[in-house]
Structures are given as structure tokens and as C-alpha cells.
Amino acid sequence: MSSIVGPKFLERLRSNDFKNSAYAIAEIVDNSIDADAKQVEILIDTVSSGRTETIQSITFVDNGSGITHDLLKKVVVFSETGHSAGAGKTGRFGMGLPNSSFSQCKKFIVASLQSGVWKQIKIDLKDMLDKGTLDVPEISETIDQSLLQVIKDRTRIENPRTCVHWIQPDKLDFTRGETAVKRLEPMLGRIYREALSEELELQIVIFKDGNTVGERHYIRPYDPLFLSLGDTQSVDCIEKTISKSPAGDHPTRNPTEVLGAFISRGKVISTLFRKVEEHCYDNLGVLHQDKAFHFKITTSVAKKDIQKPATERPGGLALGAEMKKKMLGAANFPGGNISFVRNGREIVSGNYSLFNVSQETQRWWSIEL
């Protein structure tokens with residue numbers, strides 16, 4: 001029986017759907033969170049040649065519930081995961097693993113540990129194109145050496161259960177490990193801010209030229225409402241502002257004193273924004289096509305000492321730049337003062353033409369639905 005699509009269709013599909021590589025990576029992390037993983041590592045293996053650095057592989061390792069071996073074939077088939085969008089799951093359409101993997105590489109492996117035995121399934125688009133077939137290969141108990149090295153020598157997760165291994169990715173929009181961290185940390189911190197503030201530990205680990213130790217980067221939550229305390233990315237813009245403008249230009253106060261009250265030992269101890277209680281709603285609902293949907297709205301605005309931290313032009317400081325990034329976005333970072341969260345995961349953000357993004361005064365508020 002012939003397939004409704006051919007292998008060349010998958011080649012064309014690779015250019016669709018994802019805005020950038022970070023969104024494709026987030027789809028794999030979604031699967032780990034849906035499997036109740038509390039630890040997720042994104043292991044990036046690079047090699048250098050002169051000044052050129054190339055990413056050889058990206059491996060996602062988690063300690064979730066794993067994939068039963070009889071389901072390994074299904075997880076690499078589009079829309080075979082058995083859940084619909086919003087059905088208590090983080091992922092979007094049940095197409096995340098094959099769609100995101102193909103968008104970044106032509107060859108990938110999914111491996112799972114069950115009953116003490118690792119098994120894998122390996123998808124190779126080039127091989128499919130050569131053979132002119134879309135047949136799913138058989139499950140193997142022999143793990144590829146490159147993946148086996150990750151499981152044995154590189155991950156620090158004590159009980160890894162699932163690995164997704166992207167081999168020689170050719171569609172990434174970054175080629176260096178440092179660039180990967182710079183782009184992924186703010187975005188993943190924002191998307192998974194709720195999980196990161198609770199139990200999730202998410203790391204990016206860079207391995208250069210065969211080094212088995214790796215440079216570890218822990219992803220901290222990024223809260224666009226700026227209502228979170230503790231080890232969040234918000235502390236960075238405060239520390240940079242104090243460092244670059246410690247005295248400011250106010251006759252009696254200075255940024256060191258004013259902003260120093262918000263942080264201590266690298267952590268946020270006082271929220272940068274405050275809730276606007278009259279514009280916060282906890283239990284709203286709407287009935288659509290005989291189905292009830294429940295949602296809440298949280299509105300926040302910057303505190304006075306954040307808007308004017310003892311300096312005449314706060315917009316030109318690191319703090320003001322951070323608020324501008326929140327509103328307008330940046331390369332590989334979703335902008336917009338209004339964000340939508342479902343099942344603890346930010347799914348989209350934007351301005352939706354509801355305010356003038358060229359006005360600096362619009363930086364200092366946020367809404368989350």
C-alpha cells in the first residue's frame with residue numbers, strides 16, 4: 001500500500017513550523033515534562049577547527065517515566081502520541097518529537113530504558129530518501145556508540161530513562177556552544193518559568209572537542225511579570241545596572257542603594273513589580289462549543305524605584321534595556337507585554353496591537369493569562 005506522502009515531503013517539511021531552533025528544542029523538553037521528569041539535560045557536543053566551531057550532536061536526557069519499548073515506534077510517527085492539545089499536556093499537537101527533530105537534523109535516535117534494558121529506534125531521512133520509503137525501522141537493543149557515551153560518561157542524571165539524540169544537526173540557527181546558551185537560556189527560562197520555580201532542573205551542558213566534563217549552565221526562571229523571588233534571571237539586569245552606574249545622577253540617592261534593596265547574594269529578595277489587584281482575576285470562564293474554559297489574569301506594574309532608580313534616564317541602563325526586551329523581544333526571544341500560559345507553559349506572547357510599543361512608558365507593565 002502506498003503512503004499518502006513520500007519521503008521528499010518530509011524534506012520540504014523541514015523548513016516549516018518552527019520560528020527558530022530554540023522552539024524546536026522546547027518541543028523535546030515538553031515531552032520530558034509531560035513524562036514527569038524533574039531533571040532534564042540538553043547536552044551539546046561541539047568540535048573546533050581553527051576559529052570555526054560546529055555542533056556535532058544535541059542529546060536530551062531526562063529522568064521521567066520513560067517510553068515503553070512497544071511505543072518507541074509510535075513516538076517517531078506524526079500525531080501518534082495519543083493526546084490532543086491542551087489535554088493536561090505541555091506539548092502542542094502531539095507532533096513535537098518527529099516534527100522538531102526533522103526540522104533540525106536528518107538523523108535522530110530515540111532511546112528508552114525499561115526493566116533495566118535500553119532500546120532505541122533510529123530515524124535516518126537520507127536513508128529514507130535513498131530507498132524511497134517511509135517505513136519505520138525496527139527497534140534495536142544495540143545503542144549507537146555516540147549515544148552510549150552520553151549515557152555512560154556525560155549525563156549527571158542518576159536514573160536517565162529517555163534520550164533523544166540529534167545527530168549532525170544541519171538546520172540549527174547557531175553553531176557555537178556559547179551562542180546556544182545565550183539564546184536558549186532566556187527563552188527556555190521564560191517558557192518553563194513555572195516548572196523551574198517549582199521542581200524542574202533544566203541544564204545546558206557544552207562539551208568541546210571530546211571533553212567529557214562539560215560546561216554546565218543551569219536555566220533560571222524568567223518571569224515577565226517580575227513577581228518572582230529567588231534565583232531568577234531578573235537579578236542580572238539589576239546587578240549590571242548597579243555595576244555600570246553605581247552613583248547615578250540623583251542628588252541624594254544612587255542606584256546602588258535603591259536597586260540594592262531588591263537583591264542579595266545573587267537572588268531577588270523583593271519583587272521588581274507589584275500586582276495591580278484591581279486588574280487581577282482568578283476565576284474567569286467562558287463556554288465555547290459546549291465546553292467550559294477557565295482562566296485567570298494577572299497584571300503587574302513596575303515599582304517606583306524600578307522605574308526611576310535614582311537616575312535621570314533609566315531606559316538607557318541595563319534595567320531599562322531588559323524592560324525593552326520584554327516588550328519588543330530580541331533575537332530568539334519572544335517579546336510582548338501580554339503572555340498566554342497553558343498547563344504551566346508559556347505558549348505565546350505579544351503586543352497584539354493593543355499599545356504603542358514605541359513609547360518607553362509601555363515597558364513597565366505586564367499581563368499574563
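User: What makes you say that H7 bends at Leu184?

Analyst: Happy to explain! The bend at a residue is the angle between axes fitted to the seven residues ending there and the seven starting there. For H7 that angle is about 30 degrees at Leu184, and a proline, Pro186, follows within four residues. Please keep in mind that this is a predicted model, where local features need pLDDT of at least 70, side-chain atom pairs count only at pLDDT 80 or more, and totals for chains, interfaces and linings use all residues. Residues are numbered from 1 along each chain as its sequence is written, and side-chain values use heavy atoms, leaving out hydrogens and water.

User: What makes H7 a helix, and which residues does helix H7 cover?

Analyst: Helices are DSSP runs of H or I with at least four residues, while strands are runs of E with at least two, both numbered from the N terminus. Helix H7 covers residues 177–191, which is 15 residues.

User: Why is H2 said to agree with its expected span?

Analyst: The expected span is 1.5 Å times one less than the number of residues. Helix H2 (residues 21–34) has 14 residues, so 20 Å is expected, and its end C-alpha atoms are 20 Å apart, which agrees.

User: Why is Thr162 called buried?

Analyst: Buried means under 20% relative accessible area, exposed means over 50%, and partly exposed is in between (1.4 Å probe, protein chains only). Thr162 has 8% relative accessibility, so Thr162 counts as buried. This residue is found in strand E5 (residues 162–167). Its contacts (heavy atoms within 4.5 Å) include Phe60, Ile67 and Trp118, not counting residues up to four places away in sequence.

User: And why is Ile347 called partly exposed?

Analyst: Ile347 is at 36% relative accessibility, so Ile347 counts as partly exposed. Ile347 lies in strand E14 (residues 345–350).

User: How do you know that Glu41 and Arg216 form a salt bridge?

Analyst: A salt bridge is a side-chain nitrogen of Lys or Arg within 4 Å of a carboxyl oxygen of Asp or Glu. For Glu41 and Arg216 the N to O distance is 2.9 Å, so the pair meets the definition. The pair links distant parts of the chain, with Glu41 in strand E1 and Arg216 in strand E7 (residues 215–218), 175 residues apart.

User: Are Glu41 and Arg216 buried or exposed, and why?

Analyst: Glu41 is buried because its relative accessible area is 2%. Arg216 has 17% relative accessibility, so Arg216 counts as buried too.
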